[in-house]
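Hi everyone, thanks for making time for this. I'd like to walk you through one structure today, so grab a seat and have a look at the screen.

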Amino acid sequence: MTEGTNLLILERSTASLTGAKGSYILEGVFGEIGVKNKNNRIYDEKEILPHIDELAAKAKQGVLLGELDHPAKFDISLKNVSHRITEVRYDSEKKQVLGKIEVLDTTAGKEAKALIDAGIPIHISSRAAGVVE
């Protein structure tokens, strides 16, 4: 992975995010180390761990944003923002990247809330930039 690149951890995790009924704070597995994801990639700790602290710091600042869908571009479009990532951490025993999101009251966020209210599972679909070997 290219250093200094804004990136998230893993693409198309198979796990759903969960939250308390009526809540728009969701949490769950953002990615797994050593497990093939839906893009047929397997990441190891040396690729992921250097970025966890940077992402966690941005999450604490409230500036790590996400879109409702999986956009084609790496730049986040503010008009499409649906949520803020509020926590990113690594569980070394389970080898999982865990996190929390807060669904915002934006247009895309309201669409996400409607899906949540209807019981539709919400998955994390992260993007990364770099070289895959």
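**Strands, helices and a few charged pairs**

Let's start with a pairing: strand 4 (residues 81-91) and strand 5 run antiparallel and are joined by eight bridges. When I say that strands pair, I mean that DSSP finds at least two bridges between them. Helices (H or I, at least four residues) and strands (E, at least two) are DSSP runs, numbered from the N terminus.

Before going on, a word on where this comes from. It's a predicted model, where local features need pLDDT of at least 70, side-chain atom pairs count only at pLDDT 80 or more, and totals for chains, interfaces and linings use all residues. Residues are numbered from 1 along each chain as its sequence is written, and side-chain values use heavy atoms, with hydrogens and water left out.

Now the overall picture. The protein has two helices and six strands, and along the sequence they come in the pattern β-β-α-β-β-β-α-β. There are 133 residues, and 37% of them count as buried. Buried means under 20% relative accessible area, exposed means over 50%, and partly exposed is in between (1.4 Å probe, protein chains only).

How much of the contact total comes from residues far apart in sequence, 24 or more positions? Among contacts with a separation of 6 or more, those residues account for 60%. A contact here means heavy atoms within 4.5 Å.

Back to strand 5. It has a second partner to show you: strand 2 (residues 25-32) pairs with strand 5 in the antiparallel sense, over seven bridges. If you want to find both pairings on the screen, look for Leu-26, which stands opposite Ile-101 in strand 5, and for Arg-84, whose bridge partner in strand 5 is Glu-102.

Why is strand 5 (residues 96-103) described as largely enclosed by the rest of the structure? Because six of its eight residues are buried.

Next, how do we get from strand 4 to strand 5? The two form a hairpin with four residues between them. One residue to look at in that turn is Lys-95, which has a phi near 55°, a positive value in a residue other than glycine. Lys-95 is partly exposed, with a relative accessible area of 34%.

Lys-95 also brings us to the charged pairs. How many salt bridges does the structure hold? It holds five, where a salt bridge is a side-chain nitrogen of Lys or Arg within 4 Å of a carboxyl oxygen of Asp or Glu. In one of them, the side chains of Lys-95 and Glu-45 meet at 3.1 Å, N to O. That pair links distant parts of the chain: Lys-95 is in the loop between strand 4 and strand 5, Glu-45 is in helix 1 (residues 45-61), and they're 50 residues apart. Glu-45 counts as partly exposed, at 27% relative accessibility.

Here's another: Arg-89 and Glu-87 meet through their side chains at 2.6 Å, N to O. Arg-89 is partly exposed at 36% relative accessibility, and Glu-87 is partly exposed too, with a relative accessible area of 25%.

Then there's the salt bridge between the side chains of Asp-105 and Lys-113, at 3.6 Å, N to O. Is each end buried or exposed? Asp-105 counts as exposed, at 55% relative accessibility, whereas Lys-113 counts as buried, at 15%.

Let's go back to strand 4 for a moment, where you'll find His-83. At 10% relative accessibility, His-83 counts as buried. Which residues does His-83 touch, if we don't count those up to four places away in sequence? Leu-64, Leu-65, Gly-66, Glu-67, Ile-101, Glu-102, Val-103 and Leu-104. As for its neighbour in sequence, the side chain of His-83 makes a polar contact with the side chain of Ser-82 (2.9 Å). A polar contact is a pair of N or O atoms within 3.5 Å; within protein, one must be able to donate a hydrogen and the other to accept it, and residues adjacent in sequence count only if both atoms are side-chain atoms.

To finish, the outside. The protein exposes about 8,000 Å², and carbon and sulfur atoms supply 49% of it. Those areas come from the Shrake-Rupley method with a 1.4 Å probe; for residues, only the protein chains shown count as cover. Finally, Leu-115 sits in helix 2 (residues 107-117), and Leu-115 is partly exposed at 33%.
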